[in-house]
Amino acid sequence: MLQYLVFSLSLFGIGIAGLFINRKNIILLLMCIELILLSANTNFVIFAKYWGDIGGQAFVFFVMTVAAAEAAIGLALLVLVFRSIKSINVEDINQLKG
Amino acid sequence: MPDILFMIFASIAVLSALTVVLVKNPVYAVLSLIACFIATSLVWLGLDAEFLAWTLILVYVGAVLVLFLFIVMMLDIRFATMRARFSRWLPVGIAITAALVAMLLAFIAKDKFIPNADVAILAYGKDNVRNAELLGNHIFTNYLAQFEVAGVILLVAIIAAIGLIYRGPRNRRQQNVHKQISADPRDRVRLVSGE
Amino acid sequence: MRIAELSLVYPEILVASAASIILLIGVYFKRGAYVLSLVTLLAAIIMTVAKLPTMSHTIFAGGFVVDRFANVMKLSLFVLLGLIFIYSKNYMTMRKFMNTEFFVLSLFSMLGMMILISSRNFLSMYLGLELLVLPLYALIVMVKDESKYAEAAIKYFVIGSMGAGILLYGISFVYGATGSFEFAEVMTAKTSPLTLQLGLLFVVAGIALEFAAVPFHMWLPDVYEGSPTAVTMLIGTLPKIAVFVITYRLLTEAFGNLDMQWMHLLLALGMLSIAIGNVLAIAQDNIKRMLAYSTIGHIGFILLGLFTAPSAGYIATVYYVLVYVFMVLASFGIIIAVSKQGFEAEYISDYSGLAKRKPWLAFMMLLVMLSLAGVPPLLGFYAKFLILQNVVTAGYPLLAIVALVFTVIGSFYYLRVIKAMYFEESSKELATVANGSLTTLAGLVLSVHSMLLLVLGLVPGVILSLCLNMLGG
């Protein structure tokens with residue numbers, strides 16, 4: 001069981017690291033968020049097997065639905081940003097004073 | 001799942017995930033993410049999550065990640081101009097992440113997760129029922145209301161996405177059938193003597 | 001799921017069906033969405049008031065709880081959303097906002113809040129949170145001139161999704177530690193305490209991101225500034241109620257048995273929020289950013305109130321949350337009232353000389369600003385007083401004094417607005433402001449709203465007894 005958890009932990013770690021070191025574009029941000037969601041889903045599947053409880057897999061079912069919806073809206077927003085500033089570089093998004 | 005298979009699939013998944021974060025070309029990044037998801041789906045197969053493994057490939061990879069790919073290609077990003085400036089944040093980011101992962105690992109290893117032998121096998125359930133049937137029974141008895149809510153979430157995503165992007169017909173000629181049918185020939189054609 | 005259970009969720013069913021029908025009708029009758037949405041909210045209010053439950057019912061296999069607390073909070077949501085609709089109608093038509101979509105998406109977002117308020121397991125909580133938040137991302141950009149709002153929308157989206165991902169990760173650990181999603185079972189779990197604490201940490205981090213508590217507050221000023229005022233009104237008021245309720249439920253039902261360390265963490269974050277919010281607001285020229293930082297300060301007070309739980313602390317906190325949302329709604333309503341086509345009334349300097357041009361509006365703003373600052377005898381004062389009193393009785397008088405000091409420091413930025421209105425020359429923009437952005441109904445309602453801040457402040461017991469009633473049942 002531990003090796004599975006290490007696996008999902010490393011996916012989570014790579015996702016978070018990607019969020020921090022990302023200097024390039026927003027699509028990479030969105031993809032790292034998908035990686036984090038994937039690691040959480042894997043956690044659920046692992047623990048579902050550990051407890052012998054199908055509820056964990058049911059949760060994954062719902063998370064996949066929501067993640068699809070979120071990705072759709074996120075990409076629509078991305079297209080809008082691109083239309084207005086013609087670039088998806090993270091550094092170009094600086095009109096609002098952080 | 002035999003350990004060797006798990007090691008192979010897990011390594012593919014982790015390596016693709018690393019590629020996603022490190023590579024310059026966004027198309028390669030999306031393709032690596034797809035590879036990562038497919039490898040993870042195979043790992044799930046070994047964890048008795050048969051329906052979910054299939055759904056992951058069908059729905060997530062097949063719809064969501066392909067959508068990513070469409071957007072990446074549509075936006076025509078000049079990856080040659082994106083310099084990978086790893087300068088300040090890289091060491092900090094990696095340090096924080098490594099610390100986080102190490103801490104998580106230490107905590108989890110302490111609460112040893114060794115599955116009991118008599119726990120129901122999810123691939124077959126208690127009465128030799130298949131995984132999909134087990135899952136379906138559970139969702140549609142216990143979580144039916146949440147299922148409806150998930151449907152509403154999808155509806156919201158559709159309304160939002162269309163409302164954001166759709167700008168109406170532009171530079172498009174459209175037929176107004178109503179006007180076409182109600183046209184009166186006497187308005188359109190006038191007979192003039194040719195003398 | 002039994003049919004009998006459905007009768008308890010008639011309000012949710014009503015809102016969901018009504019929103020879908022409004023979507024369809026809005027295609028044919030452009031103005032219809034406004035009227036229909038108000039009718040829906042009215043029907044929901046009547047439906048909820050007609051059968052206030054006396055005890056708590058848990059339905060849908062433990063996923064949904066219907067008790068008096070939840071229903072009264074939902075009532076407040078209906079009323080506040082109705083006010084938001086009334087105030088924003090003209091604002092949106094002027095800016096060519098997509099009319100039907102605004103109402104429909106707001107109704108769906110409110111549905112998410114209703115589900116979040118009533119949730120009793122992590123699945124309902126996650127779904128409710130996502131349903132709450134997804135329409136908000138989209139609403140920020142649904143105006144005609146979308147380019148300047150796109151940035152705020154994508155910032156809000158990325159940070160919100162990150163929060164949801166971390167929340168989900170925490171839930172996965174809680175599930176791993178206890179094998180269940182129900183809050184009640186999580187509380188009585190005896191296995192794997194370390195993993196449970198880890199999960200709790202991530203869950204709290206995820207929720208704090210939604211709540212804009214320090215240290216996850218960075219997105220709030222940008223999103224407030226970068227969204228159209230009607231949408232800022234929506235983002236800044238209603239979600240706070242829903243997220244507060246779920247925090248309350250988590251603290252009492254799921255994580256009640258954990259140690260004092262968490263309580264002290266709440267205290268620290270609360271004090272930090274009060275400090276940072278009040279200090280940083282002083283430097284702002286943009287009134288929406290100022291309100292964002294002041295929001296962070298107010299959230300600090302809410303965290304302080306949660307720290308001084310149980311019972312007396314909760315009543316004070318619920319009171320504070322309701323009062324605060326009421327006040328902030330009024331302030332945004334006035335911002336909308338002052339703005340007109342092409343002029344957003346965003347900078348404090350825009351309000352110069354308002355007292356001469358439109359004295360009634362200026363007086364309302366005076367009431368709102370003083371109430372936010374916590375000046376007696378307005379409504380905001382008693383709320384702050386209750387919370388500070390609880391902090392003192394919990395044994396931290398020094399901290400209460402520090403919080404008071406920061407509040408006084410913070411009142412400076414509210415006074416700035418008042419000074420601009422009453423003591424400065426009017427700017428050119430203001431000179432031509434017509435009675436533009438509010439319908440007559442909205443103007444009337446806004447006046448009543450602001451006067452209530454004074455009236456209810458003189459008799460704070462009205463709302464207080466409501467809170468007592470809710471939580472006692």
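## Chain A contacts and model confidence

Chain C averages a pLDDT of 83, and 92% of the residues in chain C score at least 70. This is a predicted model. Overall scores are ipTM 0.93 and pTM 0.90.

Within chain C, confidence peaks in helix α6 (residues 122-139), at a mean of 94. Helix α19 of chain C (residues 428-431) is where confidence is lowest, at a mean of 55. Where pLDDT is low, the predicted coordinates should not be read in detail.

Chain A touches both chain B and chain C. Start with chain B. The contact involves 58 residues of chain A and 66 residues of chain B. On the chain A side, α1, α2 and α3 each supply at least two residues. Helix α3(A) gives the most, with 21 residues. By class, this side of chain A has 44 nonpolar, 10 polar and four charged residues.

Now chain C. Here 34 residues come from chain A and 29 residues from chain C. The chain A side again draws on three helices: α1 (2-21), α2 (26-51) and α3 (55-85) each supply at least two residues. The largest share, 15 residues, comes from α3(A). The side of chain A that touches chain C divides into 24 nonpolar, eight polar and two charged residues.

The table sets out the two sides of chain A.

| Side of chain A | Residues of chain A | Residues from α3(A) | Classes |
|---|---|---|---|
| touching chain B | 58 residues | 21 residues | 44 nonpolar, 10 polar, four charged residues |
| touching chain C | 34 residues | 15 residues | 24 nonpolar, eight polar, two charged residues |

Key. Residues numbered from 1 in each chain as written. Chains lettered and ligands numbered in written order. Predicted model: local features only at pLDDT ≥ 70, side-chain atom pairs only at ≥ 80, totals over all residues. Contact = placed C-beta atoms within 7 Å. Nonpolar A, V, L, I, M, F, W, Y, C, P; charged D, E, K, R; others polar. pLDDT = per-residue confidence, 0-100.
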